Amino acid sequence: MNIKPLTDKVVAMKEAPLEKTKSGLLLGEAKEKPAYATVEAVGPEVKTIKKGDKILFKEYSTTNITIDDTEYIILKEEDILATL
């Protein structure tokens, strides 16, 4: 299924937090997990984000949906804090 976001909305797929570093150190359970995702689609009014970007976003500002056993989030461009 193809999701087409409207206006300034972004559709992204959440990524699982890292469990170990590149050097092999195991990471413990953090109180706050980083909220980052890969952009799957952008609305026509989105100016700075494009498909394929990795983003850091405000966790509480998303709408979570599941389509064909895949979890996506929808959020406004203004709720994206940074690209990675």
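These are my notebook entries on the fold, the cores and the salt bridges of this protein.

**Entry 1: overview.** I am working with a predicted model. I counted secondary structure first and found 0 helices and 6 strands, so the element string reads β-β-β-β-β-β from the N terminus, as strands are numbered from that end. The protein has 84 residues, of which 31% count as buried. I then looked at the surface: about 6300 Å² is exposed, and carbon and sulfur atoms supply 53% of that area. For contacts with a separation of 6 or more, 57% come from residues 24 or more positions apart.

**Entry 2: the sheet.** I traced the strand order next. The 6 strands make an open sheet, ordered S4-S5-S1-S2-S3-S6, with antiparallel pairing. At the edges I found strand S4 (63-67) and strand S6 (80-83), each pairing on one side only. Ignoring direction, neighbouring strands are turned by 40° against each other on average. I also checked one pair in detail: S1 and S2 are joined in the antiparallel sense over 5 bridges. Within that pair, alanine 12 has valine 39 of S2 as its bridge partner.

**Entry 3: the cores.** Which residues make up the largest nonpolar core? I listed 12 residues: Val10, Ala12, Ala35, Ala37, Val39, Val46, Ile49, Ile55, Phe57, Ile73, Leu75 and Ile80. At least two residues of this core come from each of strand S1 (9-14), strand S2 (36-42), strand S3 (54-57) and strand S5 (70-76). A second, separate core has 5 residues, including Ile3, Val11, Ile67 and Tyr72. Back in the largest core, I looked up isoleucine 80; apart from neighbours within four places in sequence, its contacts are Val10, Ile49, Ile55, Leu56, Phe57 and Leu75.

**Entry 4: salt bridges.** My search of the whole structure gave 4 salt bridges, and I noted three pairs, among them aspartate 8 with lysine 9 at 3.5 Å, N to O. Lysine 9 is partly exposed, with a relative accessible area of 26%.

Aspartate 53 bridges to lysine 50, with the closest N and O atoms 3.1 Å apart. Here I compared burial: aspartate 53 is buried at 12% relative accessible area, whereas lysine 50 counts as exposed at 52%.

Aspartate 79 and lysine 58 meet at 3.9 Å, N to O. What does this pair tie together? Aspartate 79 sits in the loop between S5 and S6 and lysine 58 in the loop between S3 and S4, so the bridge links parts that are 21 residues apart in sequence. I logged aspartate 79 as buried, at 12% relative accessibility, and lysine 58 as partly exposed, at 28%.

Conventions:
Residues are numbered from 1 along each chain as its sequence is written. This is a predicted model: local features need pLDDT of at least 70, side-chain atom pairs count only at pLDDT 80 or more; totals for chains, interfaces and linings use all residues. Side-chain values use heavy atoms; hydrogens and water are left out. Helices (H or I, at least four residues) and strands (E, at least two) are DSSP runs, numbered from the N terminus. Buried means under 20% relative accessible area, exposed over 50%, partly exposed in between (1.4 Å probe, protein chains only). Contact means heavy atoms within 4.5 Å. Accessible areas come from the Shrake-Rupley method with a 1.4 Å probe; for residues, only the protein chains shown count as cover. A nonpolar core is a set of buried Ala, Val, Leu, Ile, Met, Phe, Trp, Tyr and Cys residues joined through side-chain atoms within 4.5 Å. Two strands pair if DSSP finds at least two bridges between them. Axes are lines fitted to C-alpha atoms, for helices over the stretch in contact, and angles run from 0 to 180 degrees between N-to-C directions. A salt bridge is a side-chain nitrogen of Lys or Arg within 4 Å of a carboxyl oxygen of Asp or Glu.
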